[in-house]
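Okay, everyone, thanks for coming. Let me put the structure up and walk you through a couple of spots in it.

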Amino acid sequence: MATDSSNGGDVGADNSLQAICYNRGSLRLLDQRKLPLETVYLDIKNAADGWHAIRDMVVRGAPAIAIAAALALAVEVHNSGTFNGTSNDAASFIAEKLDYLVSSRPTAVNLADAAIKLKEIVSGAVAVSSEARSVYQAYIEASEAMLDDDVASNKAIGSYGATYIREQQKSLEKFSVLTHCNTGSLATAGYGTALGVIRALHSAGVLERAYCTETRPFNQGSRLTAYELVHEKIPATLIADSAAAALMKFGRVNAIVVGADRVAANGDTANKIGTYSLALCAKHHKVPFFVAAPLTSVDLTLSSGEEIVIEERSPKELLNSRGGLGEQVAASGIAVWNPAFDVTPAHLISGIITEKGVITKGDSESFNINDFVKKTAGTCA
């Protein structure tokens, strides 16, 4: 992967930072490991480059991972030249590469979901043409559509979430929101999910302050979320992960909004490690706790969070400074347990904010996500 350094991040039409910069045949990913001190873009030329960028946390955030993977392969396909084979051969090649890309980060369902949908589109192209070129073209166009659709989806999440939370907090002229990890433009194709809700609240003039956690051990909150909040001039305060309970006790937080890497059919949610602790504290202090995620993060094949595979990361992220990127600071020989995610049970979640609306529990005290998905299928975001 080639590198390109610049003094500032690429900015989209809505003034949001761009982690994914794509033109047909060219993909550049912002190396988020180097933020906020350096702005470096990596040139992604094929699926292998995409796999390593995802695995090594160059790009992260469930929606961004899926899009980066799809576009990495689109670049490889576009620049591959003449393909000596049939449309079936081309479809097999794409399917194999997609399976490889899915193996880079197993917890985020968006990546696997995107692979399934792209395979279906490729199969449809095979059915109508015997030319490999037609299959490749269908794949490239479908990958590019994912990029555009994600931004629209995120803006809808922000709008629905902001409206719902304002209704919940209607007794307050302004209120403060806490978030965890990074769920903004750097974790998506643009705008963001949970951070998109915060952006929408700020735009509406009702956000008193955003609080973001460090999000140990990789520090996505202090390095990335804080960076985005400052860039967008949103009043914000950074806190240590361990300070969240005290912040709630002092009454300085009115709502919590986090993202999700996978949501089970019953509403159990996998998100960055530390999310479960926040939800428990929120329950104790009677602070509403919301999950903001696109419906592609919902996995109806899993009945509960017990079935979610939790990725474990390198011990170096705990042993070394800067989330594993710096010098060793822990004692040599100490054992390390470093899960990247935890699962928050549905009973601790007040609502799930999606691009089709907010899923609430109603009188049943349980989420009926399956019915919500069926009811909103085919409706516009």
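Which strands do the buried residues of α11 pack against? Keep in mind that this is a predicted model. The answer is four strands' worth of names: β9 (262-264), β12 (298-299), β14 (351-354) and β15 (357-359).

So who are those buried residues? Helix α11 covers residues 369-376, and its buried ones are Ile369, Phe372 and Thr376. They span an arc of only 60° around the axis, so they sit on the same side of α11. You might remember the general reason: an α-helix has 3.6 residues a turn, so residues three or four places apart point the same way. Flip to the other side of α11 and you find Lys374 and Lys375, both exposed. Then, just after α11, Gly378 takes a positive phi of about 85°.

Okay, second spot: strand β6, residues 207-213. Here 5 of the 7 residues are buried, so β6 is largely enclosed by the rest of the structure.

Let's look at the neighbours. Strand β5, residues 175-179, pairs with β6 in the parallel sense, over 5 bridges. If you want a register to click on, Ser176 stands opposite Arg209 in β6. With helix α6, residues 194-203, β5 and β6 form a right-handed β-α-β unit.

β6 also pairs with strand β7, residues 236-239: those two run parallel, joined by 4 bridges. There, Ala210 stands opposite Ala236 in β7. To get from β6 to β7 the chain goes through helix α7, residues 220-231, and that β-α-β crossover is right-handed.

That's my tour, thanks.

Definitions and conventions. Residues numbered from 1 in each chain as written. Predicted model: local features only at pLDDT ≥ 70, side-chain atom pairs only at ≥ 80, totals over all residues. Heavy atoms only, no water. Buried < 20%, exposed > 50% of the residue type's maximum accessible area, 1.4 Å probe, protein only. Pairing = 2+ DSSP bridges. Right-handed = clockwise from strand over helix to strand, strands pointing away. Arc of directions from axis to C-beta. Contact = heavy atoms within 4.5 Å.
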